[in-house]
Amino acid sequence: MKKTAFSNNYTKWVIFAIILLFLVSAVIVLVNVIEHSSNISKELESFSINNLTSEDIVEKEVSSIFAVSRKYDSNTKTGVDGASKYEDTDHINFKCKRITGINRISATKVKDCTLTLNISSTLSSGNAKIVVICDNEILEYVEFGQDKALTYTVSGEHIYSVKILCEEAELEIDVTREIK
């Protein structure tokens, strides 16, 4: 079958339209990424632990981190949705030269058991707090520099997490969990 001039032009226009649509989509995605990144930067510029609400602490995870080191036990997940391999583990050691914001360190999903969280930490500079959360409720704050063993009797299924709230902090935190 012979191609006509019409079909050749039509094919060229379809290809052109597809390329144009792809480029426009790419520009829209790039603008949204830059805008989101800019909003995070603005949020962290004015970040203050004292200005955080309980809702901010429970729901947000936004931080700027420089020179981080994580050591963790692998293959010890409890099934927390959205948790990274670093957070859902029986043991994690997190060190950072500078961090500002809210960062989840540990996440654990448990049901009808006893959960013990052993937390030890060092704050070399800056300002920081440790927060223990169950589901959407802050259970307690732990000051940096303390070795703390926290034991919870769990009825039903719950998600426990340990977060750090930081202002230009250099720190190290070690969290070990035991589930019985």
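# Notebook: two aspartates, two cores, one hairpin

I began with Asp174, and the first thing I noted is a polar contact of 2.9 Å between its side chain and that of His91. This is a predicted model, so I read every distance here as a value computed from it.

Next I looked for other partners of the Asp174 side chain. The side chain of Asn93 makes a polar contact with it too, at 3.1 Å. I then checked where Asp174 sits: it belongs to strand β4, residues 147-179.

What is the nearest side chain of opposite charge to Asp174? I found Lys95, but it is 8.7 Å away, and Asp174 has no salt bridge although it is buried. For a salt bridge I needed a side-chain nitrogen of Lys or Arg within 4 Å of a carboxyl oxygen, so Lys95 doesn't qualify.

I also listed what Asp174 touches once neighbours within four places in sequence are left aside. His91, Ile92 and Asn93 are among them, and so are Asn118, Ile119 and Ser120.

Then I moved to Asp90. I found this residue in the loop between β1 (63-72) and β2 (91-134). Is Asp90 buried or partly exposed? Its relative accessibility is 28%, so I wrote it down as partly exposed.

The side chain of Asp90 has a polar contact with that of Arg177, at 2.8 Å. Not counting residues up to four places away in sequence, Asp90 also touches Asp73, Thr76, Val175 and Thr176. I looked up Thr78 as well: it is 12 residues from Asp90 along the chain, and their C-alpha atoms are 9.1 Å apart.

After the aspartates I turned to the nonpolar residues. The largest nonpolar core has 27 residues, and Phe94, Ile99, Ile119 and Leu171 are among those with the most contacts inside it. Both β2 and β4 supply at least two residues of this core, and β2 gives the most, with 14 residues.

I picked Ile99 for a closer look. Beyond its neighbours within four places in sequence, Ile99 is in contact with residues including Ile65, Phe94, Ile164, Cys166 and Leu171. There is also a second, separate core of 10 residues, and I noted Phe47, Ile102, Ile138 and Leu165 in it.

My last stop was the pairing of β2 with β3 (residues 137-142). How many bridges join β2 to β3? I got five, and the two strands run antiparallel. Val131 stands opposite Tyr141 in β3. The hairpin of β2 and β3 has two residues between the strands, and I saw that Asp135 takes a positive phi near 55° there.

Methods
Residues are numbered from 1 along each chain as its sequence is written. This is a predicted model: local features need pLDDT of at least 70, side-chain atom pairs count only at pLDDT 80 or more; totals for chains, interfaces and linings use all residues. Side-chain values use heavy atoms; hydrogens and water are left out. Helices (H or I, at least four residues) and strands (E, at least two) are DSSP runs, numbered from the N terminus. Buried means under 20% relative accessible area, exposed over 50%, partly exposed in between (1.4 Å probe, protein chains only). Lys and Arg count as positive and Asp and Glu as negative; His and the chain ends are not counted. A polar contact is a pair of N or O atoms within 3.5 Å; within protein, one must be able to donate a hydrogen and the other to accept it, and residues adjacent in sequence count only if both atoms are side-chain atoms. Contact means heavy atoms within 4.5 Å. A nonpolar core is a set of buried Ala, Val, Leu, Ile, Met, Phe, Trp, Tyr and Cys residues joined through side-chain atoms within 4.5 Å. Two strands pair if DSSP finds at least two bridges between them.
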